[in-house]
Amino acid sequence: MEFLVNIKLRWSENMDPDLKERVVKEERAHAADLIKQGHLVRMWRVPCRFENWGIWRAKDATELHDIITGLPANPWMHDIVVHPLARHAVDPTPYHG
């Protein structure tokens, strides 16, 4: 299945800068692994905010939940919105599902 996911991050105001830097590095490395595994398909950032939109693949919503909650930045993620996607008959993109 494919999912359109919106994630908003809210870093703690008094967060240790070294911790934030470590989490960001871990998040990028983890994302690279998820890309290799085929779970993270596309990712866009929202300019001027700690927010992103992404196309994610998982066998079902439970697997997606496990993937998202396993992200290193998960404790600082707020307002996560997940939209399951279904193929449309006129989609011009070849299906890879």
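In this predicted model, strands β1 and β4 run antiparallel to each other and are joined by 7 bridges. One of the residue pairs that can be picked out is Glu 2, whose bridge partner in β4 is Leu 85. Strand β1 also pairs with β3, again in the antiparallel sense and over 7 bridges. Along this second pairing, Leu 4 stands opposite Ile 55 in β3, and Lys 8 stands opposite Glu 51 in β3.

From β3 the reader can pass on to β2, since 5 bridges join β2 to β3 and the two strands run antiparallel. Here Leu 40 stands opposite Trp 56 in β3, while Arg 42 stands opposite Ile 55 in β3. Ile 55 can thus be found facing Arg 42 as well as facing Leu 4. The strands β2 and β3 form a hairpin with 5 residues between them, and in this hairpin Cys 48 takes a positive phi near 70 degrees.

Put together, these pairings give an open sheet of 4 strands, in the order β2-β3-β1-β4 and with antiparallel pairing. Which strands stand at the edges of this sheet? They are β2 and β4, and because each of them has a single partner strand, one side of each is left without a neighbour in the sheet. On average, and with direction ignored, neighbouring strands of the sheet are turned by 15 degrees against each other. As for β3, 5 of its 7 residues are buried, so this strand is largely enclosed by the rest of the structure.

The sheet can now be placed within the whole chain, which has 2 helices and 4 strands. Read along the sequence, these elements follow the pattern β-α-β-β-α-β. The C-alpha atoms fill a box of roughly 50 × 25 × 20 Å, taken along the principal axes. Of the 97 residues in the chain, 26% are buried.

Two of the buried residues deserve a closer look, and both are tryptophans: Trp 11 counts as buried because its relative accessibility is 15%, and Trp 76 counts as buried at 15% relative accessibility, where the cut-off for burial is under 20%. A search of the whole structure finds 1 aromatic pair, and it is formed by the rings of Trp 11 and Trp 76. How is such a pair described? A pair of aromatic rings is described by the distance of the centres and the angle of the planes. For Trp 11 and Trp 76, the ring centres are 5.6 Å apart and the planes stand at 40 degrees, so the pair is tilted. Trp 11 lies in the loop between β1 (2–9) and α1 (17–36), whereas Trp 76 lies in the loop between α2 (61–69) and β4 (77–85), so the pair ties together parts that are 65 residues apart in sequence.

Another feature to find in the structure is its largest pocket, which has a volume of about 570 Å³. This pocket is lined by 23 residues, and those closest to its centre are Leu 9, Glu 27, Arg 28, Met 43 and Asn 52. Which elements each supply at least two residues of the lining? They are β1, α1, β2 (40–45) and β3 (51–57), and the largest share, 5 residues, comes from α1. Sorted by class, the lining has 16 nonpolar, 1 polar and 6 charged residues.

Arg 28, one of the residues closest to the centre of the largest pocket, lies in helix α1. Is Arg 28 buried or exposed? Its relative accessibility is 64%, and because the cut-off for exposed is over 50%, Arg 28 counts as exposed. Arg 28 can also be compared in position with Val 81: the two are 53 residues apart in sequence, and their C-alpha atoms are 21 Å apart in space.

Note on methods
Residues are numbered from 1 along each chain as its sequence is written. This is a predicted model: local features need pLDDT of at least 70, side-chain atom pairs count only at pLDDT 80 or more; totals for chains, interfaces and linings use all residues. Side-chain values use heavy atoms; hydrogens and water are left out. Rings of Phe, Tyr and Trp (its six-membered ring) pair if their centres lie within 6.5 Å; planes under 30 degrees apart count as stacked, over 60 as edge-to-face and the rest as tilted. Buried means under 20% relative accessible area, exposed over 50%, partly exposed in between (1.4 Å probe, protein chains only). On a 1 Å grid over the protein atoms alone, a cavity is a set of points where a 1.4 Å probe fits but cannot get out, and a pocket is an open set with protein on both sides within 12 Å along at least five of seven lines; lining residues have an atom within 4 Å of a point. Grid points are joined across faces, edges and corners, and a volume is the space filled by probe spheres set on the points. Ala, Val, Leu, Ile, Met, Phe, Trp, Tyr, Cys and Pro count as nonpolar, Asp, Glu, Lys and Arg as charged, and the others, Gly among them, as polar. Two strands pair if DSSP finds at least two bridges between them. Axes are lines fitted to C-alpha atoms, for helices over the stretch in contact, and angles run from 0 to 180 degrees between N-to-C directions.
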